[in-house]
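Here is a model to question. Each term is set against its cut-off.

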Amino acid sequence: MSGPIPNLPTNLGSVLQIVHSCQSFNAVANQLLPTLRGLVWNNAGQAESMLGGLIDGADPLLNMGLGTGGGRQAAAYTLGTLYMLSARLSMTSPPQTSFQTIVEWCSTFEPHQARLASDRVGKLAKGIVRWAEQSGQPEDALEPLRLLVTRYPPSPAYLTNIHPVFVQLCCTTRHFMLALPILSVPITEIDKDVSDLHYTDNLLYHYCGGVALGALKRFREAADFFEIAVSSPASVASAIQVEAYKKLSLIQLILYGKTASPPKYTSPAVSRAFRNSSTTQPYLKFINAIEITDREAARKLAKDVEAFQTDNNMGLVQQVLDRLPWLAVKKLKETYMKLALEEIGREIGLPDDIKAVRALIVDMIAAGELSASIHPDGTVSFEEESALLPQPSKLQIETALVQARDAVERLAELDRSIGRSRDYIQKALHQRDSGGMGWQDEESMMPPMRGESWEDNL
Amino acid sequence: MVSTLSDEPEVEEQLAQQQEQLQPSTSAAASRDFMSRTKPEVKVDSDHPFDLETYISSYSGKTRARRLMHIASCCPTLAPQAYQLAISTLLTMRDPHAYMHAVAAYNQLPGVMQVDQDQAWIDRVRAENQNQREKLEVELRTYQSNMIKESIRMGHRDLGDFFRAIGDSGQAMKHYTKSREFSTTSQHVLEMCLSVLELLMEQESYNQLQNFVYKAESVIDPGTQNADAKGGPRKKPTNQTGMEDSPVVQSKLQVANALGYLGRGAYEQAARAFLQAGTQLGDWSKMITPGDMAVYASLCSLATLSRSAVKTLVLEDEKFRVYLEQEPYMRDILEAYMNSKFKAVLELLERHSARHLLDIHLWPHVQHLTTRIRRRAIILHFQPYASVQLSRMAETFGIPVAELEKEVIGLIQDGEIAARVDSTAKVLKAKIKDQRAALFSKALKVGEDAQAQSRKILLRMRLVQNNLIVHEPKGKMQPVVQSPTQPDIRMAD
């Protein structure tokens, strides 16, 4: 059925009637959706308060069974309930809505229907957070959001605008573990039909993801997340990117004792903002001190500067400092086979404290980061580096092979799909027609220029 | 004594002025001074022989004076002699500032017979310079009003030569470059370039040398170029013959280029450029002698080139032999190096360090080059061994164990030798690598990295495709309210 837009209903009762009358997916998409959109489009304020309201004091959502165990039957009416719930949760003084109702909706909704109105899903996510904050228990929003973010996207590789909301909440309520299942699947797909995304959604998701992983001491993954945030396409630098850059640098210091430059495709605006901004200067000084292994200067910088505190990076800075002796010992192991504890102490900045050095070595061996033995006479012999290298099992190699093959296939498929995409073919044809050498690299045909600006060089 | 003292401030002032004038052209030299280094104090004794008379006799012109001044400022034992020679050299030239500076410096030496400035000479030269300058400037103005290109060029060139002679390099540079605008043939450009190169070499402005070498090479016709001079990219064929195809010019350009590399610390390129310069340099004693060539090229090669390259390019090269004959001790060093007699190499380097440190172009690099040669020697020495006693090694090199240990550790940390030190037993041991495990772990890591990277790039591509690009917040984007007529309803699947 795809007639003209029916007359818009004027009260929630008649909306409910239409909701109940649309049984098939096509009906929902072609009749119910235009009606609801029309309602909101015509008079947003009024429509929202009507949709979010009650019918004669009775909660229509409860009546449908949401919150009382009838969610499975109500799933057929997902679109309608989505509009009602999202409208209700964004009202300034919403009618009483129970935790059960929200959780039940989130665990039973029909994703296909919900994707028809991606804007309402985003609204719902924000509404849930607001609702939980108003009731004074922000943790309550975690479970509904987790269900939403898991069930809504077509596959976990899709980014939605629920992602940043959920992960941010995980960070503010310090339930970092909850975010892990979501964070462990890297985002590779973005579809504006699935979710109405803004660039900040991507930045915020990867930034908060990095924060969560960093808090869990999964620094390698955290670095990946921050790197994605930093290297996201940008024509001007976003404050989130600069913050991510700061954290990325600190985490690199923890991991490797030095910073690595971000990928080539990082926007120059971001690198410039990081180098030149006044808020990053303490970081640059600190990084420099660590990189030239000037421990004293690093400690002093970390103590004096409030910038780290205001950025909430003091924890990371402290970890960088704690990590210094570990990295120093690792460096020694590259150079020496056998070394007395006193000498190690002198090299890593812990002179006259043999006990601490011994404890450090023992810690490192226990953590599996060092393979060495301490002799009774107080010398440490480091074993060959390759003794630490694990012999890979057959299974490991095969998994790696399968992964590599998959990756290649994915890329090949992508290549093919680009090759037959309209844009590409048009561009290629256009280039070939104009000039007759379409497929070649333009730059390779330009003669190299030199000695042109003659006078300027003098 | 009294007269010189009272004259001193004036001299200083003039020097300062001169320095200021030099500024535009010698900013490069200024930046070079950053990485330097006060002048070294050079000892000359029976262990470090140096014969000033023979050394300086092969130079002429300005470089002779400048070299003498350098020697005098570095080496207290030779200073009086060097200053005297410099003064007598300067008296044959037309630069009163330099002369007064030399005299003042000489008079400041302890325990020398004071000499008086030859005020008559100064006045005469100054007057002459003034006259000449006016004459040349009048001439140039006449040419300019007549609009004859060739004459204007010559006018500028003559003024450039004149200013160079009286030691005003800023003005000289200005006129040389001006003359380029009025050059009509490539030969003129080449002439100008060579003049500028000589000026720059005199001023030790190494950073600009390459620029002018390229400019000169760009006007040389590749068709008629002499086979003797290879290398150096050139283009713009002009189909003109003349002085540009002479091998002398080619060699000069190579030498100037090499000197530029040396001055900037690019020792490997310097070595290669010196070695390519060919034998046709002719007499360029106002700049550089064949002996200098031998020293520069050998030291740079030893510090940077591989053993086989040193053998084929330096020791066995027919052309370069001509230069090596000028400085036989250099051949000894090279041969000792090839025979792995590193102790001899280091001792010979030390013995002739005076010769190197007193060289006006080489002195800032001697320390650096020596260190590099020593490091390379240590690497070469350790190569065939699985483990070496540090004390034995120190003996071979003739340096103390502690110093050697420091050097070795530096080399390990730079990744130059794959070995580790047993600090308690003072033994250097080569690393044993489990190639199989290393390969596996490396392959796995590379695979992981590649996949992670392609994933990140994919995400980035999607972001760009969906226009999720960070942009200026122009009036804060409001979330778009969708109209019901938008045809974005997904088809049922």
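The questions below take up the contact between two chains and then one helix. This is a predicted model: local features need pLDDT of at least 70, side-chain atom pairs count only at pLDDT 80 or more, and totals for chains, interfaces and linings use all residues. Residues are numbered from 1 along each chain as its sequence is written, and chains are lettered from A and ligands numbered from 1 in the order in which they are written.

Q: What makes residues of chain B count as in contact with chain A?
A: Two residues are in contact if their C-beta atoms, placed from the backbone, lie within 7 Å. By that test, 49 residues of chain B are in contact with 55 residues of chain A. On the side of chain B that touches chain A, the largest share, 17 residues, comes from α22(B).

Q: Why are β1 of chain A and β2(B) called paired?
A: Strands (DSSP E runs of at least two residues) pair if DSSP finds at least two bridges between them. Two bridges join β1 (residues 336-340) of chain A to β2(B), so the two pair; they run parallel. In β2(B), B:Val421 is the bridge partner of A:Tyr336.

Q: How do you know that the length of α2(A) agrees with its number of residues?
A: The expected span is 1.5 Å times one less than the number of residues. For the 18 residues of α2 (residues 25-42) of chain A that gives 26 Å, and the end C-alpha atoms are 25 Å apart, so the two agree.

Q: What makes A:Leu32 a kink?
A: The bend is the angle between axes fitted to the seven residues ending there and the seven starting there. At A:Leu32 the kink is about 35°, shortly before the proline A:Pro34.

Notes:
Helix = DSSP H or I, 4+ residues; strand = E, 2+ residues; numbered from the N terminus.
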